[in-house]
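Student: I should like to go through the terms used for this model and hear the reasoning behind each of them.
Tutor: Let us begin once the structure is in view.

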Amino acid sequence: MEIQVVAGGIQSAEDDLIVINLFEGVEMPEGATGAVDQAMSGAIRELIADGDFQGKRGEIAVLYPRGAIPASRVAVVGLGPQEQFTLESVRHAAAAAARKARDLGVKSFSSIVHGGGAGGYALEGAAQAVVEGTVLGLYRYQELKNKPPDRPDPERFTLVQFDESALPAVEKGAELGEIVAEAACLARDLINRPANYATPSDLAELAMEIASEFDTMRCQVLSEEDADELGMGSFLGVAQGSEEPAVFIVMEHNPGREDLDTVVLVGKGITFDSGGISLKPAEKMDRMRGDMGGAAAVLATMLVVGQLEIPLHVVGLMPATENLPSGHAYKPGDVITAMNGKTIEVINTDAEGRLVLADALAYAARFEPKAVVDLATLTGACVIALGRGMAAGAFYSDEGLLARLQAASQATGERIWPMPLYDEYLANLESMTADLANSGDRMGGVGTSAMFLKQFAEGYPWAHLDVAGMTFEERSPSPKLPAYLQKGGTGFGVRLLVQFLRDWAATD
């Protein structure tokens, strides 16, 4: 879909559909909505007076101007109560409008910049949110389907800004919104893609392709032999049950730039997780193709890092493998040795994510980073603690790093929630035969898993985001859920990480 920005009044747009808005409880439209209402002889005021539109979040009414304005349809989208209005409200409204445009079969539609007027937000940020909501709202996974969708996507979307002098800010926001949203859609594709189409080797090939697009980026793919030479016994222990070769992907933006802060992003890349010998239940095991949601987010984030030329030394680490049962698979009771020399007793082969991350976190130390952030679909316990689709659990060793992530979370609407990292969790990881066990008591499992990772995140500020409840949407659409989500991969973490890195580069 082509996205453009033009100056003018929305009431003059020659499109199949124009999109305007109203806050809940407003009886007399003003601004762009008021101009459209006036051109249509009070049709919107009449709609409100008759009780047919209240402006609730995501509510949409479609009007037909019958020649009063050039557009053939007008969509009025509700923004909800003004006192609760945020940029997340903008994304929701834009996504709802975009999906309505597709349902109506329009080829082109235009929108005002929701939130840039009475909403009180800067035009650049508001425009970014509108485009993000629009692109994410129209996403659907079609790669492997022969039948095209009944309703094709619109061919063109236009943001209309009345004040011509503000056009550069809107253009900048729209461009950034498109870049970030498309990257989140890439992460969605990777999560939705079947495991036989998204093997560790496939991820490595994509990482190499992305790195080749930028002079500032390089990619190194470590083989199993390379990992063995580095002493990555924890990573390789998980990998040994699969016929698919495991890879350890290292992407670097601005390598060798000692004048720039180094930030390392680590993404769990289990491209299919059967649970290994500790086999998972058969029900919904197909969803375990999404156990590489952390790696998908990091990979997509590195794409944006290159596109935006973010002035940081950013490293993306993605340990990628399958976790399968076989005659070669690691077993409960086995002892493996991680890269930092610590020995680990395998209690549960389905606690594999922390094992691959252990070696990645140990490897991260070689970059002497200012911060390391890992993302992983790590525990069902986190989903139980916080709920599905509510927030990622955030564990951290540094308050300043948490504050940076929280600021990015607030800006993007990708929610994180700080979780405790008590030293007492370590007692659950005691082993009779090794330095650590990879699993402990069921109670407090999310904290125990984070404490396990902490044993390998040494020498730098570190944060762990357990995104198990956030990378795959299972719930049916409803007005209370963001309209930019559909069932399947969410791409969670891409917008959060990009904002986190942009903020870091802007303040340091």
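Student: What makes the contact of R495 with E414 a salt bridge?
Tutor: In this predicted model, the closest N and O atoms of R495 and E414 are 3.8 Å apart. The cut-off is 4 Å between a side-chain nitrogen of Lys or Arg and a carboxyl oxygen of Asp or Glu, so the pair qualifies. The pair links distant parts of the chain, with R495 in helix 14 and E414 in the loop between helix 12 (399-412) and strand 16 (416-418), 81 residues apart.

Student: Why is R495 called buried?
Tutor: R495 has a relative accessible area of 4%. Buried means under 20%, so R495 meets the criterion. E414, with a relative accessible area of 5%, is buried by the same cut-off.

Student: Which residues are joined with R495 and E414 into one network?
Tutor: Salt bridges that share partners join E88, R91, E132, E414 and R495.

Student: How do you know that R495 forms a salt bridge with E132?
Tutor: The closest N and O atoms of R495 and E132 are 3.7 Å apart, and the limit is 4 Å, so this pair also counts. R495 lies in helix 14 (residues 494-507) and E132 in helix 4 (residues 123-138), so the salt bridge ties together parts that are 363 residues apart in sequence. Both R495 and E132 are buried.

Student: What makes E143 and R193 a salt bridge?
Tutor: Their closest N and O atoms are 2.5 Å apart, which lies within the 4 Å limit. E143 is in the loop between helix 4 and strand 6 (156-161), and R193 is in the loop between helix 5 (167-192) and helix 6 (200-212), so the pair ties together parts 50 residues apart in sequence.

Student: Why is E143 called partly exposed, and why is R193 called buried?
Tutor: E143 has a relative accessible area of 41%. Partly exposed covers values between the 20% and 50% cut-offs, so the term applies to E143. R193 has a relative accessible area of 18%, and this is under 20%, so R193 is buried.

Student: How many salt bridges are found in the whole structure?
Tutor: The search finds 21.

Student: What makes helix 13 mostly covered?
Tutor: Nine of the 10 residues of helix 13 (residues 445-454) are buried. Among them are V446, M451, F452 and L453.

Student: How do the axes of helix 4 and helix 5 meet?
Tutor: The axes come within 7 Å and cross at roughly 35 degrees, and the crossing is right-handed. The residues of this contact divide into 13 nonpolar, three polar and six charged.

Conventions:
Residues are numbered from 1 along each chain as its sequence is written. This is a predicted model: local features need pLDDT of at least 70, side-chain atom pairs count only at pLDDT 80 or more; totals for chains, interfaces and linings use all residues. Side-chain values use heavy atoms; hydrogens and water are left out. Buried means under 20% relative accessible area, exposed over 50%, partly exposed in between (1.4 Å probe, protein chains only). Helices (H or I, at least four residues) and strands (E, at least two) are DSSP runs, numbered from the N terminus. Axes are lines fitted to C-alpha atoms, for helices over the stretch in contact, and angles run from 0 to 180 degrees between N-to-C directions. A crossing is left-handed if the near helix is turned anticlockwise from the far one by less than a right angle, and right-handed if clockwise. Ala, Val, Leu, Ile, Met, Phe, Trp, Tyr, Cys and Pro count as nonpolar, Asp, Glu, Lys and Arg as charged, and the others, Gly among them, as polar.
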